[in-house]
Amino acid sequence: MRRSTAPAGPAAPEHRAAHGGSGRDALVVCDRLVRIFTADGVEVQALQGLDLLVGEGELTALVGASGSGKSTLLNVLAGLDTPSAGAAAVAGFDLVAMDAAARLRYRREVVGFVWQQAARNLLPFLTAAQNVSLPMQLGGGRIPRRQRAARVRDLLDLLGVGHCHDRVPERMSGGEQQRAAIAVALANAPALLLADEPTGELDSQAADEILTALRTVNEHLGTTVLVVTHDASVASAVRRTVSIRDGRTSSEVLRRAARDERGDEVVVAQEYVTVDRAGRLQLPAEFTERLAIRDRARVALQPDHITVHRDDSHDA
């Protein structure tokens with residue numbers, strides 16, 4: 001157990017996905033999700049049977065080494081990529097079975113996306129207000145015309161960039177651009193906000209502002225937020241951090257508020273390994289390396305736990 005002082009849309013009925021168990025109440029459901037790419041005649045499995053549930057209203061970080069599959073997962077959830085096998089659904093939209101029309105509606109109404117590169121989030125010749133207003137104009141009337149100007153102001157103010165209302169991106173700092181980009185992603189009131197390394201090009205102060213913005217969105221608007229990050233300060237400041245390794249979820253860290261022996265509030269972090277339906281789990285790499293566990297391990301069932309031991313048979 002580790003201690004830290006860090007603080008902790010309507011879906012179309014015809015595309016609703018049926019899931020049993022705890023997945024029924026989750027906003028994001030991935031069940032044995034597979035994504036295979038083919039490059040130069042070679043198949044690469046970016047996602048290898050990934051399972052993930054994210055409840056409505058959660059603020060969750062996804063972490064993992066380069067090539068682990070986390071950005072591929074984000075692209076699938078954003079409707080930018082299609083799964084090769086398995087099941088994936090967001091807010092009842094089946095991301096495997098959607099046709100082109102449903103996928104377009106999904107991307108406009110159900111999910112918002114923030115890229116790491118500010119240039120991909122904002123049109124350079126439009127002001128912050130015009131950038132936020134544009135998705136509403138393309139959203140097929142999801143936000144009534146008479147409400148759009150007020151919603152633009154409210155979103156920019158909520159994210160602390162109301163002063164950038166009439167500024168084009170080149171007149172904003174990097175942090176201001178990213179916060180304006182979050183406002184753009186929220187324009188049509190999506191159920192899920194996805195962010196791919198939103199602090200990757202920012203200094204520490206601007207990164208803190210982005211983290212505050214994501215928390216504000218989550219707490220004040222109730223938007224579910226899923227952020228891919230390499231930034232340890234971001235990953236350690238959310239309630240739940242999910243690690244992805246080799247195309248599967250491998251472990252989670254859950255955080256809760258508690259009181260220490262002096263009565264001060266601290267955040268207690270507990271790490272768990274994830275177990276899929278087949279009973280497979282991935283042991284943390286630092287554990288297996290320290291104990292030199294490689295090809296196989298001995299396991300034994302105890303009354304209330306399972307023990308895992310290094311295989312020493314080759315030394316006998």
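Visitor: Does Phe 113 count as buried or exposed, and at what relative accessibility?
Guide: Buried means under 20% relative accessible area, exposed over 50%, and partly exposed in between (1.4 Å probe, protein chains only). Phe 113 falls under that first cut-off, so it counts as buried, at 16%.

Visitor: What kind of model is this?
Guide: Residues are numbered from 1 along each chain as its sequence is written, and side-chain values use heavy atoms, leaving out hydrogens and water. Local features need pLDDT of at least 70, side-chain atom pairs count only at pLDDT 80 or more, totals for chains, interfaces and linings use all residues, and the model is predicted.

Visitor: How many aromatic pairs are there?
Guide: Rings of Phe, Tyr and Trp (its six-membered ring) pair if their centres lie within 6.5 Å. By this rule the count is 2.

Visitor: Are the rings of Phe 93 and Tyr 106 stacked, edge-to-face or tilted?
Guide: Planes under 30 degrees apart count as stacked, over 60 as edge-to-face and the rest as tilted. Here the centres are 5.6 Å apart and the planes stand at 45 degrees, so the pair is tilted.

Visitor: What about the rings of Phe 113 and Trp 115?
Guide: Their centres lie 4.5 Å apart. Their planes are at 50 degrees, so this pair is tilted.

Visitor: Which residue lies over the face of Trp 115?
Guide: A charge sits over a ring if NZ of Lys or CZ of Arg is within 6 Å of the ring centre and within 35 degrees of the ring normal. At 3.5 Å from the ring centre of Trp 115 lies Arg 120.
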